[in-house]
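Please look over the model shown below. The report that follows starts with single residues and then turns to the whole chain.

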Amino acid sequence: MTFQEQIQEGIPSVLPQPKQFETAINHAPKRKEILSPEEKKLALRNALRYFEPKDHAVLIKEFSEELETYGRIYMYRLRPDYKMFARPISEYPGRSEQAKAIMLMIQNNLDYAVAQHPHELITYGGNGAVFQNWAQYRLTMQYLSEMTDEQTLTMYSGHPMGLFPSHKEAPRVVVTNGMVIPNYSKPDDWEKFNALGVSQYGQMTAGSYMYIGPQGIVHGTTITVLNGFRKIKKSPSGGLFVTSGLGGMSGAQPKAGNISGCITVCAEMNPKITHLRHDQGWVNEIITDLDKLVERVISAKANKEIVSLAYLGNSVDVWEKFDTENIHIDLGSDQTSLHNPWAGGYYPAGISFEDANEMMAENPKLFKEKVQESLRRHAAAINKHNAKGTYFFDYGNAFLLEASRAGADVMASNGIDFKYSSYVQDIMGPMCFDFGFGPFRWVCASGKPEDLAKTDAIACAVLEEMMLNSPIEIQQQMADNIHWIKGAQENKLVVGSQARILYADAEGRVKIAEAFNQAIAKGEIETVILGRDHHDVSGTDSPYRETSNIYDGSKFTADMAIQNVIGDSFRGATWVSIHNGGGVGWGEVINGGFGMVLDGSKEASKRLQSMLFWDVNNGISRRSWARNEGAIFAIKRAMEAEPLLKVTLPNTVDDSLFS
């Protein structure tokens, strides 16, 4: 069968032969035992409903074994034989170009070079899934190949509920992930619902089909590191940035350190992912001995090298060793998947990677104790460095939240706040999000590197023209992004699809997108798919990350994210998504995303102007109402530019009235 025929086939009428478990692939750890005997039967019934009764006797044994061995039913047998990667859009079967674009993005999320655990359909973060099992993947791709522009596909946590009649201006796909009743949104609830096959953790861009590999966070991390050094009034040259995690998103950190011009030490416990990042060129050197790491850092500092060092081992050991050896750390953070602390997101010190994986599955109670003990040590070592002048920031991965729950010394004197700020509170919020700057991204659907180079040039020209008349308040953001886009080709940021990211405000996003659409209309480039990370101005309500610099008491509300995805859906998005859970954990955040296909048409131009303007200014208006000064400035500027925009502005209260 051809690739197109396999896509159109969906779930085969004749079962494919069982697949051999490939040990060379990076696999998800075994999930803990959480289902009762009756619930295991329910999980099997739920899985078997995808298949005809004639196959149930064979599959029930197989799925039961998967459930016992891995804690989930992945349906490995149904994994396709074709190579998984984003093909040019012309190679996908279908009746809708928009649907073909979505197929392209789904396959990019599952590309072996992109996905963290590709055989378990997990893109990043340890549990950020595109689908729960391979039957869902096959059925979704089949639906997309059949879809017309008068239909919408409804996705329930990886499950394709079906194609429904709609209309040309409606989204082609509407995605929800993990949208459980609030009282059932604890970590163990996710474990149970996911094991039952009824819900999944879509992370942010995993379950939204918009992940573009580590490049997406390289840019945000680069901005964070650059501004971190600006905050401490020090040049990155010869400066030391210490962090941990080389998985899906965290793998971007060493590359961002190199682009920023500092020395980066990033600890990682998983040998496979460490060597993958080295092979991909995202980290320069791998070191396995702490003494050699100390020597290498001292040498790099003396020579003011720009170098990224992966330490294959535990981050706690690095922080403690550098304290003993008096290695000064300028910037410190952590980007392990602490939203998922009990299932491989964070590995405890003093235990090997293999033993830890066995413990988390066989003795989860002890594993949790070891993780919390390690977090207390981790925080204690950070506090020692902080006393010596290290600037530590929480990278929005729930490090401080889980450390506080473990009883670590991370609370401020008032017993309410953390003693360290998150990077959003200190850097990204006031410097970027409040002004409307966030992670605008695009994918060249042709798969041609020359199309990406042309879009880079178009975006750069738009930004340079805008900067000539930009107010002083956003000059630094504009300059950083022009610098970024000019070095994008040289830094070899593409992993998987021909994609790019830069931080832009509403004006910038609309102008860049319109320039792309005009270039498509002229035949200079082919179809472009727009999107963004959910980690943005408007898309996400997350009290310990995206909305951590909201101080009016509303940071725990989720009106903004819900309004965002509803508003995007009727203003022209090709697909929309809303998720429970993201980078900080199940039950800790609500986040929404979109995708938009540009085809050079007048209709696409109308959609992009309507939707992109809303997508950003929804968040600015909320931040303005919280009395954030940068957002008040930005929303007033937006109202001047668009007469139809009229936003309620806050009045300030004189502090002397409270005395």
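Is arginine 77 buried or exposed? Arginine 77 counts as buried, because its relative accessibility is 8%. Buried means under 20% relative accessible area, exposed means over 50%, and partly exposed lies in between, with a 1.4 Å probe and protein chains only as cover.

This is a predicted model: local features need pLDDT of at least 70, side-chain atom pairs count only at pLDDT 80 or more, and totals for chains, interfaces and linings use all residues. Residues are numbered from 1 along each chain as its sequence is written, and side-chain values use heavy atoms, with hydrogens and water left out.

**Arginine 77 and arginine 230**

Arginine 77 sits in the loop between helix H3 (56–70) and H4. Helices (H or I, at least four residues) and strands (E, at least two) are DSSP runs, numbered from the N terminus. Residues up to four places away in sequence aside, arginine 77 touches Leu15, Pro16, Gln17, Pro18, Lys19, Val58, Leu59 and Glu62. Contact here means heavy atoms within 4.5 Å.

Arginine 230 belongs to helix H7. Its relative accessibility is 35%, so arginine 230 counts as partly exposed. Not counting residues up to four places away in sequence, arginine 230 touches Gln476 and Asp480.

**Histidine 119**

Histidine 119 is in the loop between helix H4 (97–109) and strand S1 (122–124). This residue is buried, because its relative accessibility is 2%. Beyond its neighbours within four places in sequence, histidine 119 is in contact with Glu22, Ile25, His27, Tyr76, Arg79, Tyr112 and Trp134. With arginine 79 there is a polar contact between the two side chains, at 3.5 Å. A polar contact is a pair of N or O atoms within 3.5 Å; within protein, one must be able to donate a hydrogen and the other to accept it, and residues adjacent in sequence count only if both atoms are side-chain atoms.

**Asparagine 284**

Asparagine 284 lies in the loop between helix H9 (271–279) and strand S8 (285–287). At a relative accessible area of 34%, asparagine 284 is partly exposed. Which residues does asparagine 284 contact, leaving aside its neighbours within four places in sequence? They are Asn258, His278, Ile306, Val307 and Ser308. Serine 308 is 24 residues away from asparagine 284 in sequence, yet their C-alpha atoms are 5.2 Å apart. The side chain of asparagine 284 also reaches the backbone nitrogen of serine 308, at 2.9 Å.

**Positive phi and helix H11**

Most residues other than glycine have a negative phi. The table lists residues with positive values.

| Residue | Phi | Place |
|---|---|---|
| Glutamine 203 | near 50° | loop between helix H6 (187–196) and helix H7 (215–231) |
| Lysine 233 | near 55° | loop between H7 and strand S6 (240–244) |
| Asparagine 326 | about 55° | just after H11 |

Glutamine 203 is buried, at 2% relative accessibility. Lysine 233, in contrast, is exposed, with a relative accessible area of 76%.

Helix H11 spans residues 315–324 and is mostly covered, with seven of its ten residues buried. The buried residues are Ser315, Val316, Val318, Trp319, Lys321, Phe322 and Asp323. Which residue caps the N-terminal end of H11? Asparagine 314 does: one of its side-chain oxygens lies 2.9 Å from the backbone nitrogen of valine 316.

**The whole chain**

The protein chain has 21 helices and 17 strands. Its C-alpha atoms fill a box of roughly 70 × 60 × 50 Å along the principal axes. A compact globule of 659 residues would have a radius of gyration near 26 Å, and the chain's 24 Å agrees with that. This radius is taken over C-alpha atoms, and the globule rule is 2.2 Å times the number of residues to the power 0.38.

Of the 659 residues, 64% count as buried. Among contacts with a separation of 6 or more, 71% join residues 24 or more positions apart. The accessible surface comes to about 25,000 Å², and 52% of it belongs to carbon and sulfur atoms. Areas come from the Shrake-Rupley method with a 1.4 Å probe.

The chain holds 65 positive and 78 negative charges, whose mean positions are 1 Å apart. Lys and Arg count as positive and Asp and Glu as negative, while His and the chain ends are not counted. Each charge is placed at NZ of Lys, CZ of Arg, CG of Asp or CD of Glu.
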